[in-house]
Amino acid sequence: MSTFLENLRQEFDQNNFQVFKDGAEATCSVKNLSILAGVLKEKYNFIFLLDICAIDLQGKSNSENRFELVYHFLNLEEFFKLRLVVPVDESKPVASLEKLWSGAKKLESESREMFGLEFNSDYKPCTLDPEDFGGFPLRKDYTGSAVDVVSVLPTEFPEDLSLDNDQRGVRSWVNIGPHHPVMKNNIRLMLELEGEYIRRSQIETGFYHRGWEKQAESFNYHQIIALTERLNHQSPFIASTIWCRLIEESLSVVIPDRSMAIRMVFIELSRIHDHLNCIGHCAVAGGNESVFFLCQHARELVYELFEKMTGSRMNPSLNKIGGLKYDLPIGWVTDCFEALKKIEEQIDNVNQLFTKSSIWLDRNMVCEINALRALELGITGPVLRGSGVNYDLRKVEPCYFYSDVDFEIPLGVKGQSYDRYLVRMEEMRQSMSIIIQVLDNLPTGDICLPEFLAPCSEINMPHKGVYSSM
């Protein structure tokens, strides 16, 4: 056992500390939570709070406390994860970790609004649910029959007493959003302007919690795959892959090599599609519609590859627990190579039009998020890497054949919007390299384990419900 792990173990009762292959799990009382969390951050360098999940144990535990909070911490130097389980009395507020991690407030709000757990922090009510929604929808006893009206605090700027009358006279505020024409309160920005400069801003995230966990309690593991693909319409295959891999690991199931390789290909195609969408829409906001259409053309090539494989452009329904539903059709690999060449051409065109454009540079050397701030906020993905943090699960916790392919992790320098753009541009090139390497060495054999080949309705695979929030 490493010195780091041995020292960490000494902070806990030996009976409340278990080591797993991906880290460790420990139990902590509510009264010691804030002190222990500070020790974990300052002494053991757990500077990354990945998530806070609530668990409703009604009917599943003999514990005197019905609820548990699970805090997920990450030490980036050791790449060591720690799950801290905290039994909670719902009648008493829990100490907020907002002062240690800025992103904790948003994570705590989910447990507050979905489970009814209280925290010692100020928050604006109704950030996850529509204003006419009541109750706590992820509790086990929630039926949805009684809906109460929830009060909504108006979004407004408090008076800035530091300004004189002349300064107040040149300031104004503008509403931006909601941004999606068919979704209620998707996101709203309220900006206070002084000429072209933004002096203050407030944001309403709106109703964005789908509550799919509650719906998933009515289905078996296979049926939930359809729900996961609706969580992110830009890269639905990645979401369903994560779910299938979770269940396969829980069942100690190792899927065939060919299905692993094909999953990798479609994961990286999804990544390319997602980045193209992001860059294209940012280009429109930055005043360049030409780049948007270039990205749209490249996205269409990815859509066509999914359609040739599954018959569906979105929500491909390709994954199943134990492998894949379909094998690659004849000629698909050749089509994929040709599509990648065309996508690379479009990325080169975007690079020529956009990357060194003076307008694009002027408008994107903003919104700096340094590495420490990004970790405090719990930011992940290309935004985190744009801040210079070298953290990519494909390198840290490689699955399938990611440890066998050669690719680089692009990083930003200043953490500005421009860094995040450059990271996405290079990640697409790295994804294409991964796809080519995998297809050049594509394994033969089955695409699904024999015991999972039966129709989903015939596979006896119940589940115990989804207890934790997202």
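**View 1. The largest cavity holds about 70 Å³ of space.** Welcome to the inside of this predicted model! When the whole structure is searched for cavities of 30 Å³ or more, 1 turns up. Two elements each give two or more residues to the lining of the largest cavity: α8 (257-285) and α9 (289-310). Look for α9 in particular, as the largest share of the lining, 3 residues, comes from this helix.

**View 2. A lining of 13 residues surrounds the largest cavity.** Which residues lie nearest the centre of the largest cavity? They are Gln234, Pro236, Tyr303, Phe306 and Arg313. If you sort the lining by class, you will find 6 nonpolar, 6 polar and 1 charged residues.

**View 3. Helix α2 spans residues 33-42 and has several buried residues.** Try picking out Leu33, Leu36 and Leu40 along the helix, then Ala37, Gly38 and Lys41: these are the buried residues of α2. What do they pack against? Their partners are α1 (3-9), the strands β4 (67-75) and β5 (80-88), and α12 (371-377), which lies further along the numbering.

**View 4. Residues 462-470 have pLDDT below 50.** Let's start with the whole protein: its mean pLDDT is 84, and 87% of its residues reach 70 or more. Over residues 462-470, however, the pLDDT is below 50. This stretch still has 37 contacts in the model beyond near neighbours in sequence. Enjoy the view with some care, because predicted coordinates should not be read in detail where pLDDT is low.

Terms used: Residues numbered from 1 in each chain as written. Predicted model: local features only at pLDDT ≥ 70, side-chain atom pairs only at ≥ 80, totals over all residues. Heavy atoms only, no water. 1 Å grid on protein atoms, 1.4 Å probe; cavity = no way out; pocket = protein on both sides within 12 Å on 5 of 7 lines; lining within 4 Å. Points joined across faces, edges and corners; volume = space filled by probe spheres on them. Helix = DSSP H or I, 4+ residues; strand = E, 2+ residues; numbered from the N terminus. Nonpolar A, V, L, I, M, F, W, Y, C, P; charged D, E, K, R; others polar. pLDDT = per-residue confidence, 0-100. Contact = heavy atoms within 4.5 Å. Buried < 20%, exposed > 50% of the residue type's maximum accessible area, 1.4 Å probe, protein only.
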